[in-house]
Amino acid sequence: MRGFPVWPVEAGHYAGEMDALFIALVIVTVLTAGFVCFLLIFFAARYRAGHAADRSHTIEKTWKWEVGWTTASLLIFVGLAVWGADLYLRLYQPPKNAVQIFVVGKQWMWKAQHPGGQREINELHVPVGRAVRLVMASQDTIHSFYVPALRVKQDVVPGRYESLWFEADRPGRYHLFCAEYCGTDHARMGGWLVVMKPREFAGWLRSQGGQPTLAAQGEQLFHSFGCSGCHGPGGTVRAPDLNGVYGGPVALQDGRVVTADERYVRDSILLPKSEVAAGYDPVMPSFAGQVGEDDLAKLVAYVQSLGNARKGAS
Amino acid sequence: MHGPRPNYLTAETTIRSWLFSTDHKRIALLYFASITFFFLIGGLAAVMIRLELVTPAADLVRPDTYNRLFTMHGVIMVWFFLVPSIPTTLGNFVLPLMLGARDLAFPRLNLASWYFYIAGGALTVLALLLGGVDTGWTFYEPYASAFSNGYVTLAVLGIFLSGFSSILTGLNFIVTTHKLRAPGLTWYRLPLFCWSLYSTSVILVLATPVLAMTLLMLVAERVLGIGIFDPALGGDPLLWQHMFWFYSHPAVYIMVLPAIGIVSELIPAFARKKIFGYKFVAWASVAIAAIGFLVWGHHMFVAGQSLYASLIFSFLSYLVAVPSAIKVFNWVATLHKGWIRFDAPMLYAFGFVGLFTIGGLTGLFLAALAIDVHVTDTYFVIAHFHYIMVGGSVSAFFGGLHYWWPKITGRLYPEGWARAAAILMFFGFNLTFFPQFILGWLGMPRRYDAYPPEFQIWHVLSSAGASTLAVAYAMPLFYFFWSLVWGQRAPANPWGVTGLEWLTSSPPPPRNFDTTPVVIRGPYDYVDGQPRPQAENV
Amino acid sequence: MSAVLRTIWGCWAALVVLLATTTGLAFVPLGRWNIVVALAIATAKALIVVIVFMELRRSSGLVRVFAGAGFLWLLILLGLTGADYSSRHESYIPNTLQLHETPVKR
Amino acid sequence: MSEATPAFQFASVPQQREAATLGMWTFLATEVLFFGALIAAYSAYRIAWPDEIAAAARHTKVALGAINTAVLLTSSAFMASAVAFDEAKRRRPVVLCLLATAVLGLLFIGIKGYEYCLEYQEGLVPALNFQLGRYGGIGELFFLFYFFATGFHAVHLTIGIAMVVMLAVRTGAGHPPHAPVLRMVGLYWHFVDIVWIFLFPLIYLPGRVG
Ligand code: HEA
Ligand code: HEA
Ligand code: CUA
Ligand SMILES: [Cu+2]
């Protein structure tokens, strides 16, 4: 046993703001609950049966009171709702320059893939002071990526990408939990978030060996899965050139326009029929069942790199 | 009166006359025995959970066993204890009495409802005996259909059957309240317990069918292997969450509204004063029941639902808290200038107000989107709902049980013991669950059989509290039994309070009233602390 | 008596006509209006049945409220679930177009 | 229970009748949500996979479905007529209308069964012999909803037929149950009809163009 901890460590830019809201809520709670309990005890003592107290002029007209406390509660509630919502929305607005790390949850471990191709299990190394954006997928059931020190959590629902971003601001080792029940070893599905100074982090990345970058691995797969047969130069089928697609708007056959984000790329590979790019025949086969989450991440990273390649100039 | 008049307990004595009775009072007792049984099973599971959590390592039971423990704990406590608890026992018993009616509108449906409940309970216990279920009470998909190797189908069918019991009870209460009120008993003369039971019934009737269908879809998916919710087969796991919580959020109000109703009876009764703001308290119940249907998405803030939906659900969650606030303030104001007595039921009522307020206010933490991101699926949530469901509803249940015990059994319970139990329960409860708020805020996830050592101290305190709680819950078991044999005989109106149920003898005759009462004034009419009976004597 | 029967069978005729209409319109390409029209006609048919056959027009206000309640609550279920489904894959936060999370369309 | 004396818990016969009516409507509200939950799930998938659902729905037998709708609507009209005749205290037409209702109900079940047979032969039964795998699972999902919804509907209808036949027999034999029973059964019958009124366009009509 290690004493009586009451406050979780803070390691993220977001934690401070969260704690402020929490403290505000605690104050509201202590004040109202305290007020209610005080009145309960005070009235109980003063107006106990057998105790002589002035009981004349009981309040008969109640509606003024009712309107009073109803509006007061409502105002406080609206204030809290707005505060909480504002903070929440910002949690879903990652800055554009965030480092992107792919995370895959499966029974019962977390696997991470860094852009440089480094992989780790049940640990996640990140640099301090740099926005990190996790693109997460699950291989089986729902898991939830949770780092209390950062005050962030996101369920990872199988069949789709979820994302989460944070900026760690204090080096250290922090608990990483799976917060959504996922079977036998749910309690053991976790490990550590390791926040490092930039220099150390760079060193750590290097120490992981010199494998090709994620995008480069993706490029390999792009050939081995036969994507390049259609999408590459001199393909037999008329298929869109993927250069510069990522991040921009895509016009679809049915008239909609969607943004080519990682969700779109993922769906294009697994469910090509659901969003057909305008001007092309829906001949791309589905790769569902053939491409695992790990390889999918690589392919997405590759398509992303193609997108950045063109935009990098602008 | 001369000679022991036959009452509902003595009128017939065969076992048959109990098992096939359509008398709402006897059915209430059948239910009472059954829910006590389930409470003990659920409680036993809780004890095992708390024992395992004394140490950080998973050393008492295997992980799979732990998962089965909290699942059975949740399933049994929710569907086989707390949802039916107050409505089917105390509600069943006193609602017709409060209305001045001879029975519920459909006595045979009432009996059928108990059989549905028992059949459902039997299936669920069977699933438990065969080896249990490890999905959590929420049966989240795709785990429940594609990964769990427990007896999910059996347990789910048990819950499905017990759902019919809920629906029939709700239907019966609604019709009875509309159509069987005694002459002169207008809506605004109804005791507040009737209002809250009515609101509860509305939820029972409108929410339960959705659960029933959702559970059937789960069974179909699990048995036939078709992807309704499993994304590997084209389904959507979030659809399960939507449909589950469409029922289960309103269901939490099924679990608290009847308790709120009991407290609204107890406070004026023991303050010997008219309730403050009767109409507001009455309509607040209806408002909670209605708005309660609009907030289910607050269980899905980090589940991947659309942000817009989250914003709407967060806002509506705050809205549903307003009627609860109205209730709390009116209860407190009722005490002002009363003639307050501290019999055991009133102690429970006090406990309820305090603990419900804390539980409710921590609900506001959860409804504040950003905070929920951090504390969802942690012990903060566990503490939140145990404060309301155990600290609140179970306390109120005990309060109501003590209050109506003389009416139900015709015997008085030993007051000193009862007060001691109430106080012990209050302290045991806080010791059990307050540390869990801290644990949750520290980041301790729920459904963990092992945890990092720095959390241990709070878990140890919590487990210590749970043992206290076990003792406190065992006490009534003993002294209630004692009172059945040795307790003093109760007069018709032992508390000296208003309300039609106190006009008939204790225990009541088989058909409640010898002549139908004619109601002449509203409930809780005390002048200078003296009751004025609600009806012309019977 | 015969007036009542006339109403009943008049309504029956209307129902059959509506049925023919909706079946026929299903084969006419109206884009997304197909489903709207189909549901509108179904609602009209249901209203006829409820009001005439189920005698809602002669029932007390209370019964009418109960008849409406089920449908109202169903709308809650459909509406708020729809609030999620209809906005799940939109770009809910402007300005972060390319990098914010947009879950899978399904 | 006869017309003159209400059950013990009621003060008068009208009170008992009102209670029965209200109870029936409450029950129907629960039924709305029971079927409604299924329809809600179906709608979610319909929104998500419009083309796949439309493609699968084309395999339903729209002509049979339309005929069946007409059959059910007609049965409802007979049921309503039975109530009208009962109000006029004319026993024979009541029995005849009830029989017509029941026969039409059986006809509906028969046609539905025939459809099920066809679908079985075409390999459209999920988990049993499903052969439309081309829709990536969604086609099978559609047919699961199809069998679920129509199956539950058929169960409801069967219960309705049993009640109508019982009513007809008892009325024909000269001891009809008291008035509320006929009306309750009528309400139930019409409700089952309404469920079908919505199922028909939702299940049979998508994807008929193109
Ligand atoms: C009886 C049961 C019950 C009740 C009544 C409530 C009531 C409320 N609940 Fe709770 N809740 C549960 C049982 C209950 N809950 C359960 C079982 C779960 C978890 C399920 C699971 O995942 O297993 C849960 C989970 C839960 C969550 C999801 C947490 C998560 O998983 O992330 C949320 C989020 O919004 C929430 C909110 C609320 C709110 C706002 C209320 C409100 O209704 C509370 C209103 C009451 C008050 C607010 C107190 C009195 C008011 C005053 C004294 C007024 C004065 C105050 C001010 C002026 C500030 N609850
Ligand atoms: C609805 C009512 C209800 C009630 C009354 C309780 C009562 C209790 N609950 Fe429970 N609880 C839930 C509903 C309830 N709970 C739900 C829905 C969950 C979520 C499940 C999930 O995650 O799926 C949960 C989860 C839950 C957890 C979290 C488990 C986890 O996530 O890992 C814990 C941990 O402490 C806990 C503890 C307790 C305790 C100590 C009690 C105590 O109050 C119990 C006290 C009672 C007794 C101790 C029995 C009485 C004892 C005697 C009379 C002695 C004699 C009897 C015998 C020897 C058998 N509960
Ligand atoms: Cu993964 Cu819990
Ligand atoms: Cu809730």
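**Entry 1: the two metals**

What distance separates the iron atom of ligand 1 from the copper ion (ligand 4)? I began with this question, keeping in mind that the model is predicted, and I found that the two metals lie 4.4 Å apart.

I then looked up what the protein offers to each metal. For the iron atom of ligand 1 I found a single protein donor, the NE2 atom of His384(B), at 2.2 Å, and I traced His384(B) to helix α13 of chain B, which covers residues 379–409.

For the copper ion (ligand 4) I noted the protein donors His249(B) through ND1, His298(B) through NE2 and His299(B) through NE2, at 1.8 to 2.1 Å from the ion. Along the chain these donors follow the spacing H-x48-H-H. I located His249(B) in helix α8 of chain B and His299(B) in the loop between α9 (278–291) and α10 of chain B, and I wrote down that this pair links distant parts of the chain, 50 residues apart.

**Entry 2: the surroundings of ligand 1**

I next listed what lies around ligand 1, and of the 33 residues there I found that Trp137(B), Tyr253(B), Asp372(B), Thr376(B) and His384(B) come nearest. Is the site formed by one chain or shared between chains? I recorded it as shared, because residues from chains A and B surround ligand 1.

I went through the polar atoms that come close to the oxygen atoms of ligand 1. An N or O atom in the side chain of Thr376(B) is 2.5 Å from an oxygen atom of the ligand, and for the side chain of Tyr253(B) I noted a corresponding distance of 2.7 Å. With Ala367(B) the partner is a polar backbone atom, 3.2 Å from an oxygen atom of ligand 1.

I then asked which elements give two or more residues to this shell, and I listed α1 (13–46) and α2 (63–91) from chain A, together with α8 (237–271), α10 (307–335), α11 (344–367) and α13 from chain B. The largest share, seven residues, comes from α11(B). When I sorted the shell by class, I wrote down 20 nonpolar, 11 polar and two charged residues.

**Entry 3: the surroundings of ligand 2**

Which residues are the closest to ligand 2? I found 34 residues around this ligand, and the closest are Arg50(B), Tyr66(B), His73(B), His386(B) and Arg447(B).

Two of my notes here concern oxygen atoms of the ligand: one is 2.6 Å from an N or O atom in the side chain of Tyr66(B), and a polar side-chain atom of Gln436(B) lies 3.2 Å from an oxygen atom of ligand 2. For His386(B) I noted a polar side-chain atom that lies 2.8 Å from a nitrogen atom of ligand 2.

The elements that supply two or more residues to this shell are α2 (24–52), α3 (63–99), α13, α14 (415–442) and α15 (456–486) of chain B, and I marked α2(B) as the one with the largest share, eight residues. By class I entered 24 nonpolar, seven polar and three charged residues for the shell around ligand 2.

**Entry 4: where chain D meets chain C**

I turned to the interface of chain D and chain C, where 48 residues of chain D are in contact with 43 residues of chain C. The area buried between the two chains is about 3,700 Å², and carbon and sulfur atoms give 83% of it.

I looked for charged and polar pairs across this interface and found two salt bridges, one of which joins the side chains of Arg58(C) and Glu87(D) with an N to O distance of 3.3 Å. I also wrote down four residue pairs in polar contact across the interface.

On the side of chain D that touches chain C, helices α1 (13–48), α3 (62–87) and α6 (179–204) of chain D each supply at least two residues. I noted that α1(D) gives the most, with 16 residues, and that this side divides into 33 nonpolar, nine polar and six charged residues.

**Entry 5: salt bridges overall**

How many salt bridges are there over all chains? I entered a count of 29, and as a reminder I added that side chains of opposite charge can pair when their charged atoms come close.

I picked out Glu17(A) and Arg90(A), which form a salt bridge with their closest N and O atoms 2.7 Å apart. Glu17(A) lies in helix α1 of chain A and Arg90(A) in helix α2 of chain A, so I noted that the pair ties together parts 73 residues apart in sequence.

Methods: Residues are numbered from 1 along each chain as its sequence is written. Chains are lettered from A and ligands numbered from 1 in the order in which they are written. This is a predicted model: local features need pLDDT of at least 70, side-chain atom pairs count only at pLDDT 80 or more; totals for chains, interfaces and linings use all residues. Side-chain values use heavy atoms; hydrogens and water are left out. Donors are N, O and S atoms within 2.8 Å of the metal (3.2 Å for Na, K and Ca); water is not among the atoms, so sites may look incomplete. Helices (H or I, at least four residues) and strands (E, at least two) are DSSP runs, numbered from the N terminus. Contact means heavy atoms within 4.5 Å. Buried area is the accessible area (1.4 Å probe) that two parts lose on being put together, summed over both. A salt bridge is a side-chain nitrogen of Lys or Arg within 4 Å of a carboxyl oxygen of Asp or Glu. A polar contact is a pair of N or O atoms within 3.5 Å; within protein, one must be able to donate a hydrogen and the other to accept it, and residues adjacent in sequence count only if both atoms are side-chain atoms. Ala, Val, Leu, Ile, Met, Phe, Trp, Tyr, Cys and Pro count as nonpolar, Asp, Glu, Lys and Arg as charged, and the others, Gly among them, as polar. A residue is near a molecule or strand if one of its heavy atoms lies within 4 Å of it.
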